Amino acid sequence: MATQTADVIVIGGGVAGLSTAMQLAKRGTRVIVLERERLGNGSTGRAAGLLGQLRGTPESTRMLVDGVEIVKELEQRADVDIFVQTGSLRVAETPERAQEIVDLVAMGKSIDFDIDHLSIEEVASKLPYMKTDDLIDACYCPTDGHLQPAELVSAYVKIGKTHGVEFRQNCPVESVIIEAGKAKGVQTSDGTVYAPTIVNAAGPWSYLVAELAETILPTAAVGHYYLTTRPNESHPVDRLSPAVRNRHHRIYTRAESGGLIVGIYGEETAEYDMEKLPADFDMSAMKARLDDIHVATLIYAAQQRFPWINERTPMSITTGIMTFTPDGKPLCGKLPDIEGLYYCSGFCGHGIVQSPTIGLMMADLIVDGQTNYDIKAIEADRYFDVPGFQERAEIKGKCYQMHAGYYGRVESKVTVHGAEKGKATDKHG
């Protein structure tokens with residue numbers, strides 16, 4: 001490849017990078033996407049894609065609600081079905097988890113979000129294949145569902161191409177060119193690309209790209225697992241069965257091809273140093289054995305809510321690598337040390353559902369220097385020069401600790417304006 005120039009280089013062909021590239025190109029920006037492997041083949045291709053819109057704050061909820069509208073426009077323009085609206089349930093079998101639901105419903109109603117408590121009888125009616133006799137509360141959101149990752153990637157690429165985005169696959173970045181504190185371009189296996197703006201959307205590899213620019217990005221790579229059962233006449237799963245989040249057992253579920261997906265945010269999971277993986281590492285080729293301890297933990301947790309699932313149940317196991325941050329929220333925007341270098345990473349398993357609005361927000365920041373979204377909680381510089389977040393060992397420890405408590409921690413309550421509210425958090429997904 002001869003030397004090229006662009007307005008913006010996006011490093012990473014997952015949904016965050018593809019969405020950003022598409023939105024930038026729609027504004028007339030010349031964009032080149034550089035992907036080390038194949039588009040959508042990393043974390044994006046291993047995602048379950050659940051879309052739960054109601055989060056712990058109105059700002060983060062708004063981003064996901066707006067994202068659904070963006071996806072609906074994508075569906076029309078790309079002529080592809082992406083969003084499957086099934087509704088979603090959150091269930092509780094302990095008083096502490098029931099209080100979480102009470103707080104979540106109250107917060108949702110306070111911003112006119114469509115959510116309400118659902119009787120256990122109604123839960124059993126909606127999901128006859130799920131154990132419900134131990135539940136004490138549940139809430140239901142009819143406008144939730146899931147996004148289909150492959151179809152979302154296809155739409156971003158198709159619309160991006162119509163606006164001039166150039167995609168370079170099998171083109172890993174080898175170095176980042178910085179001169180006098182400004183981003184100038186990147187050196188790839190196929191040559192040099194020059195641009196005054198670079199977006200690091202490299203998923204689990206993002207911290208390594210940051211190191212190429214001699215900066216520190218506080219992310220770590222963790223394993224994730226979910227199972228998909230095959231269709232079972234004794235336990236039929238309707239395609240439009242609601243998704244379920246059962247935080248007590250650390251699991252989420254949704255329907256898939258006549259079977260059921262069950263995923264887990266376990267207390268323990270595999271830890272990865274991306275620099276130790278081979279240069280030709282292909283996440284789509286990752287395999288997990290049924291006797292793997294993390295898989296065994298997943299199957300056990302699934303069985304607590306779905307007693308018909310056990311190690312003999314016909315199923316497939318999907319495993320991939322997530323990008324986690326110390327506080328469970330993404331890192332989006334600039335650091336103060338290098339002009340023109342932006343980050344778009346650390347989605348903690350929610351990159352699929354956050355990507356529609358994240359791309360719009362990143363384009364705002366790059367083109368206009370600001371956005372109408374309140375992004376204080378996800379700004380990339382919130383750990384810049386903060387003691388305890390500068391060494392890889394420290395960063396990894398904090399990120400792994402966040403993953404361990406991601407579903408396991410019971411959300412505490414705080415007093416806001418004289419009234420008790422659920423603690424502001426984005427971990428309601």
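## Reading the model

Helices (H or I, at least four residues) and strands (E, at least two) are DSSP runs, numbered from the N terminus. The model is predicted, so local features need pLDDT of at least 70 and side-chain atom pairs count only at pLDDT 80 or more, while totals for chains, interfaces and linings use all residues. Residues are numbered from 1 along each chain as its sequence is written, and side-chain values use heavy atoms, with hydrogens and water left out.

## A patch of negative charge

Let us begin at the surface. Glu-59, Asp-374, Glu-379 and Asp-381 come together there in a patch of negative charge. Patches are made of residues with over 30% relative accessible area and no salt bridge, with like charges joined within 9 Å and nonpolar side chains (Val, Leu, Ile, Met, Phe, Trp, Tyr) within 5 Å. Lys and Arg count as positive and Asp and Glu as negative, while His and the chain ends are not counted; the place of a charge is NZ of Lys, CZ of Arg, CG of Asp or CD of Glu. Accessible areas come from the Shrake-Rupley method with a 1.4 Å probe, and for residues only the protein chains shown count as cover.

One member of the patch, Glu-379, sits in the loop between helix H8 (351-368) and helix H9 (392-404). Its relative accessibility is 32%, so Glu-379 counts as partly exposed (buried means under 20% relative accessible area, exposed over 50%, partly exposed in between; 1.4 Å probe, protein chains only).

## Salt bridges

Side chains of opposite charge can pair when their charged atoms come close. A salt bridge here is a side-chain nitrogen of Lys or Arg within 4 Å of a carboxyl oxygen of Asp or Glu, and the count comes to 20 salt bridges. In one of them, Arg-90 joins Glu-100, with the closest N and O atoms 3.3 Å apart. This pair links distant parts of the chain, 10 residues apart: Arg-90 is in strand E6 (residues 88-92) and Glu-100 in helix H3 (residues 95-110). Arg-90 and Glu-100 are both buried, and they belong to a network of salt bridges with Arg-97 and Arg-247.

Asp-273 and Lys-396 also meet in a salt bridge, at 2.8 Å from N to O. Because Asp-273 lies in the loop between strand E19 (271-272) and helix H7 (293-305) and Lys-396 in helix H9, the pair ties together parts that are 123 residues apart in sequence.

## Aromatic pairs

Rings of Phe, Tyr and Trp (its six-membered ring) pair if their centres lie within 6.5 Å; planes under 30 degrees apart count as stacked, over 60 as edge-to-face and the rest as tilted. By this rule there are nine aromatic pairs. Phe-306 and Trp-308 make an edge-to-face pair, because their ring centres are 6.5 Å apart and their planes stand at 75°. Both of these residues, Phe-306 and Trp-308, are buried.

Phe-324 and Tyr-406 pair edge-to-face too, with 5.1 Å from centre to centre and 80° between the planes. Phe-324 is in strand E20 (residues 315-324) and Tyr-406 in the loop between H9 and strand E23 (413-416), so this pair ties together parts that are 82 residues apart in sequence. Both Phe-324 and Tyr-406 are buried, and they form one aromatic cluster with Tyr-252, Tyr-265 and Tyr-407.

## Two positive phi angles

Most residues other than glycine have a negative phi. Glu-214, not a glycine, has a positive phi of about 60°. Glu-214 is in the loop between helix H6 (206-212) and strand E15 (220-229) and is exposed, at 76% relative accessibility.

Cys-348 also has a positive phi, near 55°. Cys-348 lies in the loop between strand E22 (341-345) and H8 and is buried, with a relative accessible area of 1%.
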